[in-house]
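Thanks for sharing this one with me. Here are my notes, written as numbered points so that you can follow along with the structure open beside you.

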Amino acid sequence: MSKSSARDTPDSLQHLDPKLRDDVRLLGEILGRVIAGDRGVAFVDRIERIRALAKAARSGASTDWDALSGYLADIPADELTDVARAFNQFLNLANIADQQHQARRIEETSLLALPDSPQLEATLEKLTIELVLTAHPTEVLRRTLIQKYEAIGQALANPRRDREALERLIAEAWYSDEIRQDRPAPQDEARWGFAVLEHSLWHALPRFMRRLDSALIAKGLAPMPLDSAPVTFATWMGGDRDGNPNVTATVTREVLMLARWMAADLLLREVEELHGSLSVTRANGALKQRVGDSHEPYRALLKDVRERLRATRDWAESLDLTPPKGNAIYFDASELREALWLCYQSLVDSGMTQIADGPLRDLLRRVACFGVHLVNLDIRQSSDRHTEVFDEITRYLDITRLGKSYGRWSEEARCEFLLNELGNRRPLFPEQWPCSDEVAEVLDTCAVIAEGNGAGIAQYVISMATAPSDVLSVILLLRAAGLARHLPVVPLFETEADLEAAPETIDALLSFPWYREYAGGEQHVMIGYSDSAKDAGQLAAAWAQYRAQERLSEVTARHGVRLKLFHGRGGAIGRGGGPSHEAIRSQPPGSVAASLRVTEQGEMIRFKLGTPALALESMERYVSAVLEATLDPPPVPEPAWREQMASLATAALNAYRGVVRADPKFVALFQALTPERELGSLALGSRPARRRQTQDVESLRAIPWVFAWTQVRLMLPAWLGGEAALPDAATQHGTQMRDMLARWPFFRMQMDMLEMVLAKVDTALVMYYARRLTTSDQQRAVSALCERERRLEQALLDLRNTGELLAHDPGLRASLTVRNTYLDPLHLLQAELLARFRDNNDEESARALKVTMAGIASGLRNTG
C-alpha cells in the first residue's frame with residue numbers, strides 16, 4: 001500500500017481521541033463564525049470549498065491537484081492573504097487543542113518511571129539535567145500571537161468552557177497580524193524566553209518535585225532534599241554571538257541584569273504571599289534568636305527578605321554587574337536560601353510541618369533551581385574570532401614565530417604560547433591598543449563576564465572548535481579580563497571531520513597538567529547535531545556523533561575526569577531532533593552517567609515547555625530517561641552491528657555529499673524549488689541566515705536549510721543518503737538488521753525518526769512545486785530525488801515487515817491526515833505565490849507568501 005493511501009483511509013479519523021476531535025471541531029466552528037463576521041459567509045463558503053477539494057484530492061489512489069489548483073488560481077488577489085490566514089489560523093488552533101489533550105493526559109497520569117535499582121538513591125543524588133533554551137529562529141509566531149493562543153488554551157481547559165471568551169480570543173487572533181514586521185532584537189528574544197520561565201517553568205518546577213517525591217516515597221525512599229535541583233535551566237538568548245553581530249557585550253550585560261530583575265520580582269511575589277500567610281507565633285530558638293523579641297517571628301524575618309529582594313530588583317535596573325558593598329541585596333542564593341530554610345525548620349520543629357510543606361517548600365525548591373539569576377546564560381562565539389584576537393595582539397606586540405603572527409602558527413606553537421601566557425603574571429594586553437572593532441567586541445564580552453566574576457554565566461561555548469588551542473585561548477582571554485572563577489570552556493564539535501577528531505583533541509588538551517588542574521575533574525564537550533547533519537547527512541552524522549561520544553568517554557576515563565556532554569539538538573529530525581526519551585535511551589552505554597545537558601530550540605520550547613502541564617511532562621520524561629539510561633544502559637553494540645552501521649554511514653555519506661556538494665547545479669535547484677531566499681522576509685530571529693554572504697550550502701545555517709526543505713515537503717536533510725545505504729543492506733543483511741532493530745536502541749531510534757519524517761514527505765506536492773517553479777531539467781532532477789525517497793521508504797517498510805508507514809501509531813497518522821486537509825491549500829498557494837513574487841516582487845504576494853510559510857511551519861510543528 002502506498003504512503004498516501006495509508007494516511008488517507010476514510011476511517012483514519014476514528015483514531016483521534018474523542019475529546020481532541022471535539023475540541024478541534026469547536027475551535028474550527030468558532031473560527032468560521034469569526035471569519036464570517038469579518039469577510040462574509042461567502043468567503044467562509046470559499047474556504048470550505050477549498051478544504052473539500054483538498055480532501056477530495058487525496059481520496060483516490062493517487063493525488064490529483066488539478067481541481068484545487070484551478071480553484072485557487074481563480075481567487076482574486078486581494079483575497080489570497082486572508083485565505084492563507086484562515087488555514088494558518090486553523091492549524092494553530094489545532095495545535096492548541098492537541099496541547100490541551102496532552103495536558104489532560106498529564107494531569108491524569110504521571111510519566112515518571114523510576115527504575116528498580118539499589119543504586120537509585122545514589123544516582124538521584126548526582127542527577128543533573130539542564131535544559132538550555134536557545135534563540136534559534138524556528139519559532140514563526142509573534143510573541144503577541146503566542147500569548148493569545150495561550151489564553152485560548154486556558155479558556156479551552158476551563159471546565160466551564162466559556163464560549164464567549166473563546167470567541168473573543170479567537171477574534172483577537174484573527175484580527176491581529178501574525179507576521180513580524182521587524183526582526184526581534186536579542187533582548188526581545190531573551191524576554192520571550194524569560195516569559196516561558198515566568199509563566200510555565202516557575203509553576204511546573206515545584207509540581208514536578210512533588211511528583212518526584214511522591215514516586216520516591218511510594219518506593220519506600222526518602223524524598224529529595226530541599227536544596228537539590230535535579231532539573232535546571234540555562235539560555236543562549238543574549239549570549240549566543242556566533243555569527244550574530246547583534247549580540248554584543250552591551251546586550252549580554254542587559255540580559256544578565258534583566259534575568260536578575262525578573263528573578264527578584266518573582267521571588268518577591270512569593271515572599272509577599274508568605275509574609276501574608278505566615279502569621280503564626282510559635283517558633284524554634286534559632287528563629288527567635290535571629291529576629292529578637294517579635295510576636296510574629298516569621299513575618300519579621302520575611303520582612304527583611306522582602307526588603308532585600310526589592311533592593312536587588314532596584315540594583316538590577318542599574319545594569320551594574322558589580323554588587324554594592326554590604327548585604328543590601330542578594331547577589332547569590334545562599335543567604336536567601338538560609339533565611340527561608342530557617343523559617344521551614346522552625347515550622348517543623350514547632351509541630352507545623354503541614355504549613356512548612358506548603359508554599360514555603362515550593363519556594364525553597366524554586367530557589368534551588370532558579371536561584372537569584374532565574375536562568376544561567378551561556379556565551380557562545382566562533383573559534384576564528386578568538387584566533388583573530390591573538391593574531392592582532394601578536395602582530396601589535398611583534399611576537400612572531402618565523403616571522404609569522406599567531407594566525408599562521410602551528411598548533412604546537414599556539415599551545416606553547418598560550419600555556420606560557422597563562423602562567424605569566426604580566427598582562428598580555430595593553431590597557432589601550434589599536435585593535436579592530438571585532439577584536440574589541442570579543443574583549444568587551446570577556447570583560448562583562450569577569451565583572452561579576454562569572455555570576456549568572458553557565459559556560460563559554462566555542463563553535464567550530466578543532467584544536468586544544470581553541471579552548472586555551474578562551475581561558476587566557478577570560479583570565480586577562482580578570483575572571484578568577486574556573487568557568488567551563490566548552491569546545492563544540494560540529495562537522496563530521498571534527499567529530500572524528502574530537503577524542504584526539506580532548507586527549508591532547510587533558511595531557512596539559514595546567515589545563516587538567518583548571519578543569520577540576522570534569523571535561524565539558526558539546527556535540528553539534530545540526531551542522532554535522534548538514535555536513536554529512538543525518539545517518540552518517542548520527543553514527544559520527546555516537547562514535548565520538550564512545551571515544552570521548554574512553555579518553556576522559558583514562559585521564560580520570562568525568563565527561564559532561566552537551567547535546568546541541570535541533571527541533572527537526574534533520575537537525576538531530578526527535579522524541580527526547582528515545583534519544584536519551586539510544587546514547588552509547590555509559591555516556592549519560594546521570595548527567596544531561598541539551599538544547600531546547602525555537603518552536604519546540606513552546607511545544608514542550610510552553611505551559612506548566614507540558615513542562616511537567618517534559619521534566620518527567622527527561623528524568624525517567626536519564627535514570628533508565630544510567631541504571632539500565634543499552635547493550636554494547638556487537639562487532640557485526642558496528643560493522644554494518646559503519647557501512648551504512650559510509651554509503652549514506654557518499655550519496656549525500658554526491659548530491660549536496662558534488663552536483664554543481666544543486667544550489668540553483670535548491671533555491672528555485674524552495675523558499676530559501678524568501679525566508680529572510682519572515683524576520684524569524686535576530687541572527688542572519690548565513691554565516692558568510694555567499695550562495696553555497698556550506699555558508700547557510702542549518703536552520704534555514706532544514707526549514708526550506710520542510711516547506712516543500714521533501715524533508716531532504718533528514719533522509720538523503722539513506723536511500724543509497726538501506727535498500728541494499730536490508731536485502732543482503734535483513735536478518736541482522738532486524739536484530740539490530742530489535743536489540744540496539746541507537747539503530748531503532750534512527751529508523752523510528754526516519755519513518756516519522758518519511759511520513760511527512762509528500763512527493764506529489766514536491767513535484768507540484770517543481771512544475772510551477774523550476775526548469776524542465778530541474779524537474780527531472782527533483783523527480784530523481786523523489787524516486788530516491790520512494791526507494792528508501794520501500795526499504796524501510798520491508799525492513800519493518802509492514803505495508804504502511806506509522807502502522808504502529810494510528811493516532812499520529814490520523815493527526816497528519818487532519819492537518820493535510822489544511823496544509824495542502826497552503827502548499828499550493830505558496831507555490832503560486834512564489835512564482836508571482838519572483839516575477840513581480842509585489843507587496844500583496846509577499847505578505848500572503850509569509851502567511852503560507854508561517855502556516856506550513858505551524859502545521860508541521862518541527863520545521864527547523
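**Notes on the model**

1. Let's begin with a cysteine. C446 is buried, with a relative accessible area of 1%. Please keep in mind throughout that this is a predicted model. Another cysteine, C786, also counts as buried, at 1% relative accessibility.

2. How many disulfides does the structure hold? The count is 0. C446 helps to show what this looks like in the model: the closest cysteine sulfur to its own belongs to C435 and is 12 Å away, which is too far for a bond. A disulfide would need the two sulfur atoms to be within 2.5 Å.

3. Now turn to strand β2, residues 231-235. Is this strand enclosed or open? Of its 5 residues, 5 are buried, so β2 is largely enclosed by the rest of the structure. Try following the side chains along the strand: V231, F233 and T235 point one way, while T232 and A234 point the other way. Residues on both sides are buried.

4. Which strands pair with β2? One partner is β1 (residues 128-134), which runs parallel to β2 and pairs with it over 5 bridges. The other pairing to look at is with β3 (residues 376-382), again in the parallel sense, over 2 bridges. T235 is a handy residue for seeing both pairings: L133 stands opposite T235, and in β3 the bridge partner of T235 is L377.

5. Next come the charged side chains. The model has 59 salt bridges by the rule used here. One of them joins R58 and D762, with 2.4 Å from N to O. This pair links distant parts of the chain, 704 residues apart. R58 sits in the loop between α3 (41-57) and α4 (66-73), and D762 in the loop between α33 (745-760) and α34 (763-773).

6. Are the two partners of that bridge buried or exposed? R58 counts as buried at 5% relative accessibility, and D762 is buried too, at 2%. The cut-off to remember is that buried means under 20% relative accessible area.

7. A second salt bridge worth finding is the one between E723 and R788, at 2.6 Å from N to O. E723 belongs to helix α31 (residues 722-732) and R788 to helix α35 (residues 776-800), so this pair ties together parts that are 65 residues apart in sequence. The surroundings of the partners can be compared as well: E723 is buried, with a relative accessible area of 1%, whereas R788 counts as partly exposed at 27%.

8. Stay with helix α35 for one more pair. R790 and E787 both lie in this helix, 3 residues apart, which is about one turn. Their side chains meet in a salt bridge of 3.3 Å, N to O. R790 counts as partly exposed at 36% relative accessibility, and E787 is also partly exposed, with a relative accessible area of 39%.

9. Salt bridges can also share partners. In this model, such sharing joins E198, D265, R269 and R313 into one network. As a last exercise, select those residues together and trace how the network is joined.

How values were computed: Residues are numbered from 1 along each chain as its sequence is written. This is a predicted model: local features need pLDDT of at least 70, side-chain atom pairs count only at pLDDT 80 or more; totals for chains, interfaces and linings use all residues. Side-chain values use heavy atoms; hydrogens and water are left out. Buried means under 20% relative accessible area, exposed over 50%, partly exposed in between (1.4 Å probe, protein chains only). Helices (H or I, at least four residues) and strands (E, at least two) are DSSP runs, numbered from the N terminus. Two strands pair if DSSP finds at least two bridges between them. A salt bridge is a side-chain nitrogen of Lys or Arg within 4 Å of a carboxyl oxygen of Asp or Glu.
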